[in-house]
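Reader: Can we go through this one together? I'd like to start with the ligand site.
Author: Fine, here it is.

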Amino acid sequence: MKDIILSGLRPTGRLHIGNYLGSLKNFLKLQDQYECYFFIADLHSLNEPFDPKTKYSQIMDLAADYIALGIDPKKCVIFAQSHVHEHSEFAVILSNIIPVPYLFRMTQYKDKSEDKTRESVNAGLLYYPVLMASDILMYKSTLVPVGQDQTQHVELARDVALMFNKNFGETFPLPKSLYTESSKIMSLLLPDKKMSKSLGDAHCIYIDDDPKDIEKKLARAVTDTGSGKSSGAKNLLDLVKIFGKPDVYNTFLSDKSLGIVKYSEVKKVLSRDIAEYFADFRKKKKKLMENPKHLEDILERGAKIARLIAQNTMEEVKKKVGLTR
Ligand code: TRP
């Protein structure tokens with residue numbers, strides 16, 4: 001059986017290089033080898049505080065990111081989750097086979113609800129993995145490229161598939177998460193923490209940052225006095241390994257360079273290399289953002305294909321659970 005890949009990101013604002021390395025960079029490779037569905041998890045993004053005035057532009061921004069990075073609508077199906085209504089309908093059906101304690105057990109739910117008052121934890125946050133199971137099973141996906149923080153959700157989708165098959169007859173293949181080793185990129189200012197938008201802009205390098213901003217932010221990145229052993233220096237080294245040209249890499253790596261090569265020099269070259277790495281992407285994204293109609297057409301075309309498959313699955317599901325005959 002040929003594997004089917006599905007993954008999505010929530011449209012919640014700009015992507016940083018950690019997001020890129022952790023997911024989108026892998027999507028690019030996968031699209032050449034597999035049948036792939038890459039979607040924008042817009043419904044998922046509503047369970048955290050958001051501004052309705054900017055939500056639509058966040059969706060378009062993420063669509064532009066996907067396409068400008070090279071995720072190709074000719075090679076894979078790109079769509080927005082809310083454009084394929086079957087995701088929500090399927091999630092309602094699936095919610096009846098998931099025991100509630102399974103949901104309360106999810107670590108992401110625990111983490112995200114921990115510091116909130118009981119009243120402000122919305123049901124969507126708890127229900128999140130049900131909707132995610134619906135996304136995954138809808139296309140009978142077998143491999144789900146996700147970061148570590150999402151594996152528990154993929155395991156839940158697998159449990160749901162097992163339960164569905166047991167109750168209603170063999171229907172879904174069992175999905176597995178697909179890891180790709182990638183270095184964990186840390187915050188520029190607090191290098192013991194993962195790079196995250198929630199820490200603030202100065203902690204992150206965004207993939208669409210201007211070269212000047214990259215240089216400014218990297219210049220302020222925390223390192224050490226030359227021991228090379230701090231987490232900040234290690235983070236810098238990781239970035240050099242990923243984005244740097246081999247000559248910089250070699251100088252920085254040779255022991256002799258420690259204390260000789262100044263971090264400030266490394267940062268300057270590295271910021272140029274990162275800016276160059278994303279130069280083509282920035283150009284393409286700018287062009288895409290200038291023509292929202294074109295982007296909307298791409299998403300609509302993707303949704304059309306996704307809907308065909310989703311409708312098939314729903315027909316099968318409704319028959320199996322006895323809603324239709
Ligand atoms: N939960 C994922 C995230 O927060 C997004 C997502 C929604 C997803 N549905 C999915 C990822 C299905 C993989 C498969 O990043």
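Reader: Which atom of the ligand is 2.7 Å from the side chain of Asp 135?
Author: A nitrogen atom of the ligand; its partner in the Asp 135 side chain is an N or O atom. Keep in mind that this is a predicted model.

Reader: And Gln 150, how far is its polar side-chain atom from a ligand nitrogen?
Author: That distance is 2.8 Å. Tyr 128 also has a side-chain N or O atom, 2.5 Å from an oxygen atom of the ligand.

Reader: How much of the ligand does the protein bury?
Author: 95% of the 360 Å² that the ligand exposes when taken alone.

Reader: How many residues surround the ligand?
Author: 14, and the closest are Arg 10, Tyr 128, Met 132, Asp 135 and Gln 150. By class, the shell has eight nonpolar, four polar and two charged residues.

Reader: Which element gives the largest share of that shell?
Author: H6, with four residues. Helix H6 spans 123-138, and strand S1 (4-9) also supplies at least two residues.

Reader: Switching topic: what are the domains?
Author: Domain 1 covers 4-184 + 292-321, and domain 2 covers 197-281. Their centres, taken over C-alpha atoms, are 33 Å apart. In the contact there are 14 residues from domain 1 and 15 residues from domain 2.

Reader: What area is buried between domain 1 and domain 2?
Author: About 1,400 Å², with 62% of it from carbon and sulfur atoms.

Reader: Which three residues supply 44% of the area that domain 1 buries?
Author: Arg 14, His 16 and Ile 17, and that is more than any other three residues supply on the domain 1 side.

Technical notes
Residues numbered from 1 in each chain as written. Predicted model: local features only at pLDDT ≥ 70, side-chain atom pairs only at ≥ 80, totals over all residues. Heavy atoms only, no water. Near = heavy atom within 4 Å. Polar contact = N/O pair within 3.5 Å; in protein donor to acceptor, adjacent residues only side chain to side chain. Areas by Shrake-Rupley, 256 points an atom, 1.4 Å probe, with all protein chains shown as cover. Nonpolar A, V, L, I, M, F, W, Y, C, P; charged D, E, K, R; others polar. Domains from an automatic or database assignment. Contact = heavy atoms within 4.5 Å. Buried area = accessible area lost by both parts, 1.4 Å probe.
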